[in-house]
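Here is a short tour of a protein chain for you to follow with the coordinates open. Please keep the viewer at hand as you read.

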Amino acid sequence: MIESLNRVEISRPALRHNMQLLRRMARNAGVMAMVKADGYGHGMLECARVFAGAGAAAFGVAEVVEGVSLRQAGFSQPVFVLAGLLPELVPSLFDFDLTPVLVDDTLLSSLSREARRQGRSISVHLKVDAGMGRQGCTLDQAPLVIRRIMDTAGVQLQGILAHFPMADERDSASTMDVLAGFSALVESLGDQLPDGLCLHIANSGGLLYFAGTRFDMVRPGISLYGCYPDGLTGRKLAVGERLRPAMRFVSRVIQVKEVPAGSGLGYGHIYTTGRQTRLALLPVGYEDGYLRVLSNRAEVLVHGRRVPVVGRISMNLTMVDVTDLQEVRPGDEVVLLGRQGAEEISCDEIAAWMGTINYEVLCLFGNLNRRAYLDD
Ligand SMILES: *Cc1c(COP(=O)(O)O)cnc(C)c1O
């Protein structure tokens, strides 16, 4: 089979290492592996296999359709649907044994009706907005919504969760405020809550940076894939304690050419050579998530050395200046993200060039390119 010259490589040992490291940090709390966005660009089903093998207690997805794929692939762990719920999807929640994360009481009548129809009940979790300021019922509304859930036939309240808006910032007071609001709600309800209720709040930032956020379950996403939510922490840790980036993005040289000093390069001639220059052309561009904003800004690895992207990145072509390298040839491997030899281009570096966060880089590269899975 003929495939694109651009390829995203996913390291299964890196995914496994991250899951194991996070499980140790989670201690007695179960780990809900967040595999939404096709595993943050790493491939949901392949990642779920690795995470399940390394002890994931549950999976988290955004929409019902993703949960259905997990079930059809044979996963038996609890699957939480964190967004994208409408009454028309309620039968599928039952059919595929998915756990809805409710945000208010609007779905209760549909859930109860379907429970009666199917002759069985469904477990649900409730998401409260304890300071995130997005999805979920406010802390004020929560006691009433909880009461309504508990009074609904065929619906069982199994857990309560919240989400942190700023757990990537270690010195922000926000995380402790959200944690306090969430804890106060749970304490105030005390005996009224069902026994064995599952409480969870920690995303990667909560788990990595804030004590006391583990409760019964944690929900890491970005860290499973080897990136830190603040984009920094990894550098300060010893290699053994560090998460390992699982994604590499590689391309190949398709042409090498010499141009004189003073040559305008590519669309808009936004770069003019200041010397006799050897260029290598790569068959990658914004179509593949290597966005135009990286023009004249990014670096890539060729022969284990950093070289700059010059000129405008176009739909399917990018140019790099390889004047300082010896003998680059068509077919040579080029690394856009990840390691080559002793050098590495990190996801955080690319995110900084793009004015975004590592999450977005992973989703872009991973979900727009052919993936290959490596066992190292
Ligand atoms: C995506 C998501 C997470 C995971 O967040 P990371 O920062 O990637 O660890 C956790 N909880 C909820 C509700 C989410 O939507």
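The report below goes from the whole chain to a helix pair, then to the cysteines and a few individual residues.

## The chain as a whole

Please bear in mind that this is a predicted model. The chain has 376 residues, and buried residues make up 52% of them. Its secondary structure comes to eleven helices and 21 strands.

Along the principal axes, the C-alpha atoms fill a box of roughly 80 × 45 × 40 Å. Among contacts with a sequence separation of 6 or more, 65% join residues 24 or more positions apart.

## Helix 10 meets helix 11

A good place to zoom in is the pair formed by helix 10 (residues 347-354) and helix 11 (residues 358-368). Their axes are 8 Å apart, and the packing angle is about 100 degrees. Angles of 65 to 115 degrees count as roughly perpendicular, and the two helices are therefore roughly perpendicular to each other. On the helix 10 side, the contact is made by Cys-347, Asp-348, Ile-350, Ala-351 and Met-354. Helix 11 contributes Asn-358, Val-361, Leu-362, Leu-364 and Phe-365. By character, the residues of this contact divide into eight nonpolar, one polar and one charged.

Which residues of helix 11 are buried? They are Asn-358, Val-361, Leu-362, Leu-364, Phe-365 and Gly-366. These buried residues pack against helix 10, and also against helix 2, strand 1 (7-11), strand 11 (247-252), strand 19 and strand 21.

## Just past helix 11: Asn-369

Follow the chain into the loop between helix 11 and strand 21 (371-374), and you will find Asn-369. Is Asn-369 buried or exposed? Its relative accessibility is 11%, so Asn-369 counts as buried.

A polar atom of the Asn-369 side chain lies 2.8 Å from the backbone oxygen of Phe-365. Setting aside residues up to four places away in sequence, Asn-369 touches Asn-6, Val-8, Phe-249, Asp-288 and Leu-364. Phe-365 and Leu-364 are also both part of the contact between helix 10 and helix 11.

## Cysteines without disulfides

How many disulfides does the structure hold? The count is zero. Take Cys-137 as an example: the closest cysteine sulfur, in Cys-198, is 16 Å away from its own, which is too far for a bond. For comparison, a disulfide calls for sulfur atoms within 2.5 Å.

Looking from the other end, Cys-198 is in no disulfide, and its nearest cysteine sulfur is that of Cys-137. Cys-137 is buried, because its relative accessibility is 1%. Cys-198 also counts as buried, with a value of 15%.

## Two loop residues beside strand 18

Strand 18 (318-321) leads into a loop that ends at strand 19 (333-340), and Thr-323 sits in that loop. The Thr-323 side chain reaches the backbone nitrogen of Arg-278 at 3.0 Å. Leaving out its neighbours within four places in sequence, Thr-323 is in contact with Arg-275, Gln-276, Thr-277 and Arg-278.

Val-309 belongs to the loop between strand 17 (305-308) and strand 18. With a relative accessible area of 2%, Val-309 is buried. Not counting residues up to four places away in sequence, its contacts include Tyr-290 and Leu-294, the run from Ser-295 through Asn-296, Arg-297, Ala-298 and Glu-299 to Val-300, and also Thr-318, Met-319 and Val-320. To get a sense of scale, select Val-309 and Ile-201: they are 108 residues apart in sequence, and their C-alpha atoms are 41 Å apart.

## Positive phi angles

Two residues are worth a look for their backbone angles. Arg-27 is not a glycine, yet it has a positive phi of about 50 degrees. Its place is in the loop between helix 1 (12-26) and strand 2 (30-34). Arg-27 is exposed, with a relative accessible area of 59%.

Asp-38, another residue other than glycine, has a positive phi near 50 degrees. You will find Asp-38 in helix 2 (residues 36-40). At 33% relative accessibility, Asp-38 counts as partly exposed.

Technical notes. Residues are numbered from 1 along each chain as its sequence is written. This is a predicted model: local features need pLDDT of at least 70, side-chain atom pairs count only at pLDDT 80 or more; totals for chains, interfaces and linings use all residues. Side-chain values use heavy atoms; hydrogens and water are left out. Axes are lines fitted to C-alpha atoms, for helices over the stretch in contact, and angles run from 0 to 180 degrees between N-to-C directions. Helices (H or I, at least four residues) and strands (E, at least two) are DSSP runs, numbered from the N terminus. Angles under 35 degrees count as roughly parallel, over 145 as roughly antiparallel, 65 to 115 as roughly perpendicular and the rest as oblique. Contact means heavy atoms within 4.5 Å. Ala, Val, Leu, Ile, Met, Phe, Trp, Tyr, Cys and Pro count as nonpolar, Asp, Glu, Lys and Arg as charged, and the others, Gly among them, as polar. Buried means under 20% relative accessible area, exposed over 50%, partly exposed in between (1.4 Å probe, protein chains only). A polar contact is a pair of N or O atoms within 3.5 Å; within protein, one must be able to donate a hydrogen and the other to accept it, and residues adjacent in sequence count only if both atoms are side-chain atoms.
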